[in-house]
Amino acid sequence: MKKMVILGAGISGIGAGYQLNKDKNNKVILYEKNSSWGGLCDNFIIDGFRFDRFVHLSFTNNQEIKELFEKSCESIRHIPNPKNYYNGIWLKHPAQNNLYPLSNEEKNQILSSFKKRENRDIDKIKNYEEWLRVQYGNYFAENFPMKYTRKYWGVEAKELETRWVGNRMYRPTLEEIEQGMETEDTPITYYAKEMRYPTTGGYKSYLNYIVKDLDIKLNHKVREIDITNKVIYFTNSTQETYDELISSIPLSEMSSLIKNIPKNIKENIKKLRWTSGYIISLGLKNKNISPYLWFYIYDEDIPFARVYSPSHKSADNCPEGCSSLQLEVYFENKKEFKTSKEELLEKSIQKLVEMKVIKEEDLIVKDIRFEKYANIIFDFNIYEVRMKIRKYLESIGIKTIGRFGEWDYFWSDQSLMSGLEIGRRD
């Protein structure tokens with residue numbers, strides 16, 4: 001029997017374990033550093049309020065993933081209703097073709113700039129800033145997505161390449177922009193037509209079916225991987241041997257886990273960039289919050305980039321008669337975040353009050369937590385650097401999966417597929 005060890009019991013590790021478990025000739029063990037499984041799909045509860053670790057909704061079109069999720073739990077189906085907050089004004093999402101609430105002066109500036117934008121071959125666009133200017137014109141690019149890029153990615157738009165964009169940014173026609181300036185009655189152009197969320201138990205409930213037969217060892221943080229003798233040492237003074245090893249541990253951690261890693265691989269690992277984040281979770285004693293499932297904030301004096309409502313996703317996420325919000329604050333890993341957690345929490349609450357989203361006297365739960373890994377930053381080194389690192393790891397018998405193991409912009413269904421597919425190849 002082959003011993004298959006998987007490092008990390010997040011969504012990709014669980015997917016790999018589920019697939020490998022189908023072969024009775026495998027002995028599959030997952031090791032998770034935390035005290036519960038789920039990774040960034042996990043959740044926590046404070047005084048009856050449930051909050052996900054980072055914010056999740058399912059909009060997958062992958063039939064296999066949909067069926068696995070359906071076997072796990074019942075879903076609540078939501079029609080996306082995101083909003084944007086810009087200089088005190090609420091706009092439908094995406095903002096580029098829903099500009100009706102703006103002043104005529106600003107609408108004219110956006111429209112004029114859009115008409116003057118360069119007609120450039122997309123293959124000749126050098127960076128994300130240029131992509132934004134070509135797609136939307138200078139005024140909109142500078143006042144909307146370029147500001148949001150600094151808040152969400154923690155870098156300037158010109159530092160990013162563009163292959164990651166895909167269908168994430170809607171590109172309206174001139175007619176759509178003009179229509180969105182004349183009326184709020186515009187069609188939904190968000191890239192997902194439906195959002196799904198478990199009725200009970202938080203987002204990780206979508207994994208209940210595939211996790212139920214897995215052998216998961218919790219509270220096992222990897223200290224060292226001995227690739228010569230195929231032994232993993234954990235910080236709790238235990239160890240495990242393996243025949244094959246699959247890892248969802250971030251590539252950036254590998255320098256400290258593998259002895260005698262080649263110098264060129266170490267140098268490539270140092271080039272990896274990502275965002276870290278703070279999740280601010282708020283519970284309110286009433287339902288006096290906006291009806292939006294989530295919204296984006298462009299104002300740079302407001303620290304958080306996105307706000308979601310766990311209670312809108314499912315009433316199971318909070319006590320009866322209450323409501324909840326989660327705020328996401330991001331920064332680039334190589335930069336120092338100078339505001340303390342306490343200051344950030346209080347400033348964020350004050351900004352929500354100023355936005356008239358909440359009343360401070362309604363708050364009964366206030367929580368802030370740090371997450372070291374949020375998103376991958378797609379700078380100009382990423383593709384070559386991650387290829388060299390993953391190729392080296394494969395050469396020493398370590399297969400990598402998931403958002404941080406493959407170092408890619410994966411949504412949760414893509415992370416699950418990453419695990420399922422590596423399991424099929426073994």
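Author: A polar contact is a pair of N or O atoms within 3.5 Å; within protein, one must be able to donate a hydrogen and the other to accept it, and residues adjacent in sequence count only if both atoms are side-chain atoms. This is a predicted model, where local features need pLDDT of at least 70, side-chain atom pairs count only at pLDDT 80 or more, and totals for chains, interfaces and linings use all residues. Residues are numbered from 1 along each chain as its sequence is written, and side-chain values use heavy atoms, leaving out hydrogens and water.

Reader: How many Å separate the backbone nitrogen of aspartate 316 from a polar atom of the side chain of serine 314?

Author: Let's place serine 314 to begin with: this residue is in the loop between helix H11 (310-313) and strand S17 (323-332). Helices (H or I, at least four residues) and strands (E, at least two) are DSSP runs, numbered from the N terminus. From a polar atom of the serine 314 side chain to the backbone nitrogen of aspartate 316, the distance is 3.1 Å.

Reader: Is serine 314 buried or exposed?

Author: Buried means under 20% relative accessible area, exposed over 50%, and partly exposed in between (1.4 Å probe, protein chains only). Serine 314 has a relative accessible area of 2%, so this residue is buried.

Reader: Which residues does glycine 405 touch, not counting residues up to four places away in sequence?

Author: Glycine 405 sits in helix H14 (residues 402-405), and its relative accessible area is 0%. Contact means heavy atoms within 4.5 Å. Not counting residues up to four places away in sequence, glycine 405 touches Ser247, Ser248, Ile249, Leu251, Arg390 and Thr400.
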